[in-house]
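Thanks for coming, everyone. Have the sequence and the model open while I talk. I'll go through the points in turn.

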Amino acid sequence: MKRTIGTLTALAIGVSASAALAADAVTLQLKWVTQAQFAGYYVAKDKGFYEAEGLDVTINPGGPDIAPPQVIAGGGADVIIDWMPSALASREKGVPLVNIAQPFKRSGMMLTCRKETGIAKPADFKGHTLGVWFFGNEYPFLSWMSKLGIPTAGGADGVTVLKQGFNVDPLLQKQADCISTMTYNEYWQVIDAGLTPEELVVFKYEDQGVATLEDGLYVLEDNLKDPAFVDKMARFVKASMQGWAWARENPEAAAMIVLDNDATGAQTEKHQVRMMGEINKLTVGTDGTLDPADYERTVQTLLSGGSDPVITKAPEGAWTHEVIEKAM
């Protein structure tokens with residue numbers, strides 16, 4: 001029987017619709033707003049890497065009032081991006097998060113201080129006011145202060161903790177002598193505001209030996225009992241790591257993809273291109289496999305909180321290589 005063009009078109013539409021229906025839906029909850037910190041995922045979606053793996057991925061931005069562990073616990077996501085201190089603290093409190101992949105090998109967290117305050121080394125923090133992010137981001141800082149033996153309740157021998165908003169105003173307005181910054185974001189906001197590198201002293205958590213793992217992929221433990229879910233996550237991780245590899249090879253183009261996905265219009269090309277370059281330094285050299293040694297270092301840092309540790313005992317079952325091995 002001779003097929004008409006209309007018939008062929010209808011068949012093509014039908015096949016396309018069937019493929020779309022067959023795609024497995026995945027909802028990813030980001031830790032923060034749309035920016036180059038999450039470029040690998042936006043690239044994977046834009047370049048069709050997820051589609052090639054039979055996935056229909058929705059990427060939900062985060063924000064100051066969004067806690068990824070709460071989102072996934074409430075059924076609002078299949079997989080979340082979170083820092084390991086937050087994830088392990090959440091696990092101990094009853095949200096059974098499991099790390100299935102670790103795209104970020106290194107930490108970008110640091111304290112940025114005004115040099116004029118006289119702070120030149122960590123011991124000099126005593127008697128000063130330090131800006132600290134909360135909502136789970138305070139855990140690495142508290143562990144660091146515990147390691148230094150510096151109380152966080154103020155006084156001449158301690159530090160006064162200023163609950164820092166997600167901006168750099170406390171440093172600019174001299175409300176704090178140091179503030180929390182990331183190598184790829186807030187540090188450059190300080191520079192763009194007019195302060196020079198020579199006027200600043202930075203303390204990278206990596207250099208201080210208290211770095212903890214950031215931006216890992218986490219799912220709920222019970223879901224890993226379902227082979228179909230494990231398979232779906234393996235395909236998600238595989239495509240995501242392809243996205244990160246592409247972003248490292250094409251940083252400016254990756255930044256443009258991020259900007260295309262910024263519904264707020266708040267991000268700028270200059271900032272995102274610069275951020276992409278810094279982010280690539282944190283993801284290079286890993287295929288997404290969690291290094292057990294990095295995990296143990298993070299756990300030991302979190303356990304060293306003195307009378308108020310982030311976690312009270314070493315977690316069990318908090319990570320798995322099952323997904324990443326299937327992805328590879």
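**A walk through the model**

Let me start with Asp215. Asp215 is buried, with a relative accessible area of 1%. It sits in the loop between β9 (200-204) and β10. Its phi is positive, about 50 degrees, although Asp215 is not a glycine. For background, most residues other than glycine have a negative phi. One caution before I go on: this is a predicted model.

There is another case of that kind. Lys174 also has a positive phi, about 60 degrees, and is not a glycine. Lys174 lies in the loop between α7 and β8. Is Lys174 buried or exposed? Exposed, at 54% relative accessibility. Compare Asp215, which is buried at 1%.

Now the strands. Strand β1 covers residues 24-29, and strand β2 covers residues 55-60. They pair in the parallel sense, over six bridges. For a register point, take Val26: it stands opposite Val57 in β2. β1 also pairs with strand β3, residues 79-82. That pairing is parallel too, with two bridges. Here the reference point is Leu28, whose bridge partner in β3 is Val79.

Next, the disulfide. How many does the structure hold? One. Cys113 is joined to Cys178, with the sulfurs 2.1 Å apart. The link is right-handed, with 105 degrees about the S-S bond. Cys113 is in strand β5, residues 109-114, and Cys178 is in strand β8, residues 178-182. So the bond ties together parts that are 65 residues apart in sequence. Are these cysteines buried or exposed? Cys113 is buried at 0% relative accessible area. Cys178 is buried as well, also at 0%.

On to the packing. The largest nonpolar core has 69 residues. Which residues have the most contacts inside it? Tyr41, Phe125, Leu217, Phe236 and Val237. Helix α9, residues 227-249, gives the most to this core, with eleven residues. There is a second, separate core of 21 residues. Its members include Ala87, Leu88, Leu220 and Ala318.

Stay with Tyr41 for a moment. Leaving aside residues up to four places away in sequence, Tyr41 touches Leu28, Tyr50, Ile59, Ile81, Pro103, Leu217, Phe236, Ser240 and Trp244. Leu28 is the residue we just met as the bridge partner of Val79. Tyr41 is also part of an aromatic cluster, together with Tyr50, Phe104, Phe236 and Trp244.

That brings me to the aromatic pairs. The structure holds eleven. I'll show two.

First up, Phe125 with Trp144. The ring centres are 5.6 Å apart and the planes are at 85 degrees, so this pair is edge-to-face. Phe125 lies in the loop between β5 and β6 (129-132), and Trp144 lies in helix α6, residues 139-148. The pair therefore ties together parts 19 residues apart in sequence. Phe125 is buried, at 0% relative accessibility. Trp144 is buried too, at 1%.

Next, Trp133 with Phe166. This pair is stacked, at 6.2 Å centre to centre and 20 degrees between the planes. Trp133 is in the loop between β6 and α6. Phe166 is in the loop between β7 (160-163) and α7 (169-172). So these rings tie together parts 33 residues apart in sequence. Trp133 is buried, at 3% relative accessible area. Phe166 is partly exposed, at 27%.

Some rings have a charge over them. Lys31 lies over the face of Trp83, 5.0 Å from the ring centre. Lys163 has its charged end over the ring of Phe134, 5.7 Å from the centre.

Last stop, Glu221. Where does it lie? In the loop between β10 (216-220) and α9. Glu221 is partly exposed, with a relative accessible area of 29%. Which residues does Glu221 touch, not counting those up to four places away in sequence? Arg91, Pro96, Val98 and Gly317. There is also Ile100, 121 residues away from Glu221 along the chain. The C-alpha atoms of Glu221 and Ile100 are separated by 10.0 Å.

That's my tour. Over to you for discussion.

Methods:
Residues are numbered from 1 along each chain as its sequence is written. This is a predicted model: local features need pLDDT of at least 70, side-chain atom pairs count only at pLDDT 80 or more; totals for chains, interfaces and linings use all residues. Side-chain values use heavy atoms; hydrogens and water are left out. Two strands pair if DSSP finds at least two bridges between them. Helices (H or I, at least four residues) and strands (E, at least two) are DSSP runs, numbered from the N terminus. A disulfide is a pair of cysteine sulfur atoms within 2.5 Å. Buried means under 20% relative accessible area, exposed over 50%, partly exposed in between (1.4 Å probe, protein chains only). A nonpolar core is a set of buried Ala, Val, Leu, Ile, Met, Phe, Trp, Tyr and Cys residues joined through side-chain atoms within 4.5 Å. Contact means heavy atoms within 4.5 Å. Rings of Phe, Tyr and Trp (its six-membered ring) pair if their centres lie within 6.5 Å; planes under 30 degrees apart count as stacked, over 60 as edge-to-face and the rest as tilted. A charge sits over a ring if NZ of Lys or CZ of Arg is within 6 Å of the ring centre and within 35 degrees of the ring normal.
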